[in-house]
Amino acid sequence: MAADSDHLEEIPEEVAMLVSMLGNEHHAYWSNTYIKELNELSQAMADGNPDPMEKLFVWFGKMNMVYTANVIQGADLNIRHDAAILDVGCGNGFFCEVLHALGFTNIVGLDYSMEAINLANEVQSYFRKQKSDLQSWGTRYVCDDVLNTSLEKESFRLIHDSGTLDSIAMTVPDRGARGTLGGLHGQRSDSQDETGLESSGAIGYFRNIAALLEPGGFLLLKTCNHSLDEIQQLASSSSCGLAMCKGLIRRFRQWSQGRNHEES
Ligand SMILES: C[S@@+](CC[C@H](N)C(=O)[O-])C[C@H]1O[C@@H](n2cnc3c(N)ncnc32)[C@H](O)[C@@H]1O
C-alpha cells in the first residue's frame, strides 16, 4: 500500500491519527509519519543541529525506553547480552539503539512500514558514525508484518512492543484492512466478538508472538488501550500461555506515575 495521506494534512495530528486508524489507513498513516520524521532528521543533520535525534518521536517517550532497556538488563528478567531480542513495530528504531548502547548484540527491529525501516537504518548509521563504530554488529531491521511474518523460523528470548498491538487492535474488521486475521496461525475465531478485538487482528498477533517466543521467553508489552484483563483474555483466546509478571507491571506503573507527576 502506498503512503498516501495527503488529504489528512489539514486535520490536527491526533484527529488525523484516529481517522486514519479507524478508516484502516493505518499503514499509510505510519508511512507518512516516518517520511516526515526522516525529512526532519535529515534537515536537522544538514543544519548541524548538535542533537538531531531530538526530532525522533517515541510513543511512550524516550525516557520510558531507557527505563525499559534497563529493566531488560536488570536481574528480574536475566536476559543475556547475546539473547535474541525482537522489537515488534520498532518505528524509528530508537529502542533498538538504546539496547545496542547497553551492549545487547542480537537485536531485530521489525516494522511493516518500509519508511520506518529506512528511518531506523538512518538512525543506526548516525549512532555508529558518532561512535566510530562502523564494523561491529548492529540491529537487523526487517520490513515485515507481525500478523503475517516471515520470521517464523526464528525464536526470541524477549519481544518488546510499545504501541504496536494498540495500532493493530484499532483496525476495523471487515473493511479491507491490510494484514488482519492472518499470520502463522491466525484464523478468525468463531467465538462471539463483542469488543471487535478478536477480528481486529489482536488474536492473530498473540498467536504469532507466542510462536516467535522461545519457551520461557518474555513479551514486554506496553499498551495505552487495553486493561490487564483484556490482555489476559486476548492471550487465552489465542491459546497462548501468558503468565503476568505482576511485580514488574507494578514497578512500571509506579515509575510512569512518578514521571507524570514530575512533568505536571
Ligand atoms: C504506536 S507506533 C510505535 C512505534 C515505536 N514502537 C515507538 O514506541 O515509538 C506503532 C508501530 O507499529 C507498526 N505496526 C503497526 N502494525 C504493524 C504490523 N501489523 N506489523 C508490524 N508493524 C506494525 C507501525 O508502523 C508503527 O511503527
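Biologist: In which sense, parallel or antiparallel, do strand 1 and strand 2 pair?

Modeller: The model discussed here is a predicted one. In it, leucine 86 has valine 108 of strand 2 as its bridge partner. Strand 1 and strand 2 are joined over four bridges, and the sense of their pairing is parallel.

Biologist: What is the order of the strands in the open sheet?

Modeller: The protein has nine helices and five strands, and along the sequence they follow the pattern α-α-α-β-α-β-α-β-β-α-α-β-α-α. The open sheet consists of five strands with parallel pairing, and their order is 3-2-1-4-5.

Biologist: Which are the edge strands, and what does the twist average from one strand to the next?

Modeller: An edge strand pairs on one side only, which applies to strand 3 (140-143) and strand 5 (213-222). From one strand to the next, the twist averages 20 degrees.

Biologist: Which residue of strand 3 stands opposite valine 108?

Modeller: Strand 2, residues 107-111, runs parallel to strand 3, and four bridges join the two. Within strand 3, the residue opposite valine 108 is arginine 140.

Biologist: How many of the five residues of strand 2 are buried?

Modeller: Ile107, Gly109 and Asp111 are buried on one side of strand 2, and Val108 and Leu110 are buried on the other. Both faces of the strand are thus covered. The number of buried residues in strand 2 is five of five.

Biologist: At what angle to strand 3 does helix 5 run?

Modeller: Helix 5 comprises residues 114-130 and lies across strand 2 and strand 3. Relative to strand 3, helix 5 runs at about 165 degrees.

Biologist: Why is helix 4 described as largely enclosed by the rest of the structure?

Modeller: The buried residues of helix 4 are Phe94, Phe95, Cys96, Glu97, Val98, Leu99 and His100. They pack against helix 3 (62-73), strand 1 (85-88), strand 2, helix 5 and strand 4 (156-162). Helix 4 spans residues 94-101 and is largely enclosed because the buried count is seven of eight residues.

Biologist: Which residue with a positive phi follows helix 4?

Modeller: The phi in question is near 105 degrees. The residue that follows helix 4 with this positive value is glycine 103.

Biologist: Which helix supplies the largest share of the shell around the ligand?

Modeller: Of the 21 residues around the ligand, those that come nearest are Trp30, Trp59, Gly89, Gly91 and Gly163. By class, the shell has 11 nonpolar, eight polar and two charged residues. Strand 2 and helix 6 (164-169) each supply at least two residues of the shell. The largest share, three residues, comes from helix 6.

Biologist: Is helix 1 parallel or oblique to helix 2?

Modeller: The axes of helix 1 (residues 13-22) and helix 2 (residues 26-46) come within 7 Å and cross at roughly 140 degrees. Angles over 145 degrees would count as roughly antiparallel. The crossing therefore makes the relation of helix 1 to helix 2 oblique.

Biologist: Which residues make the contact of helix 1 with helix 2?

Modeller: By class, this contact has four nonpolar, two polar and no charged residues. Helix 1 contributes Met17, Ser20 and Met21, while helix 2 contributes His26, Ala28 and Tyr29.

Biologist: How is helix 7 oriented to helix 8, roughly parallel or roughly perpendicular?

Modeller: Helix 7 (residues 202-212) and helix 8 (residues 228-237) have axes that come within 8 Å and cross at roughly 70 degrees. That angle makes helix 7, with respect to helix 8, roughly perpendicular.

Biologist: Which residues of helix 7 and helix 8 make the contact?

Modeller: The contact of helix 7 with helix 8 has five nonpolar, one polar and no charged residues. From helix 7 come Ala202, Ile203 and Phe206, and from helix 8 come Leu234, Ala235 and Ser237.

Biologist: Is glycine 241 buried or exposed?

Modeller: Glycine 241 is found in the loop between helix 8 and helix 9 (246-263). A residue counts as exposed if 12 or fewer other C-beta atoms lie within 10 Å of its own. Glycine 241 has 8 such atoms within 10 Å, so the residue is exposed.

Biologist: How far apart in space are glycine 241 and glycine 216?

Modeller: In sequence, the two glycines, 241 and 216, are 25 residues apart. Their separation in space, C-alpha to C-alpha, is 10.0 Å.

How values were computed:
Residues numbered from 1 in each chain as written. Predicted model: local features only at pLDDT ≥ 70, side-chain atom pairs only at ≥ 80, totals over all residues. Pairing = 2+ DSSP bridges. Axes fitted to C-alpha atoms, helices over the stretch in contact; angles between N-to-C directions. Contact = placed C-beta atoms within 7 Å. Near = placed C-beta within 6 Å. Nonpolar A, V, L, I, M, F, W, Y, C, P; charged D, E, K, R; others polar. Buried ≥ 20, exposed ≤ 12 C-beta atoms within 10 Å, placed from the backbone. Parallel < 35°, antiparallel > 145°, perpendicular 65-115°, else oblique.
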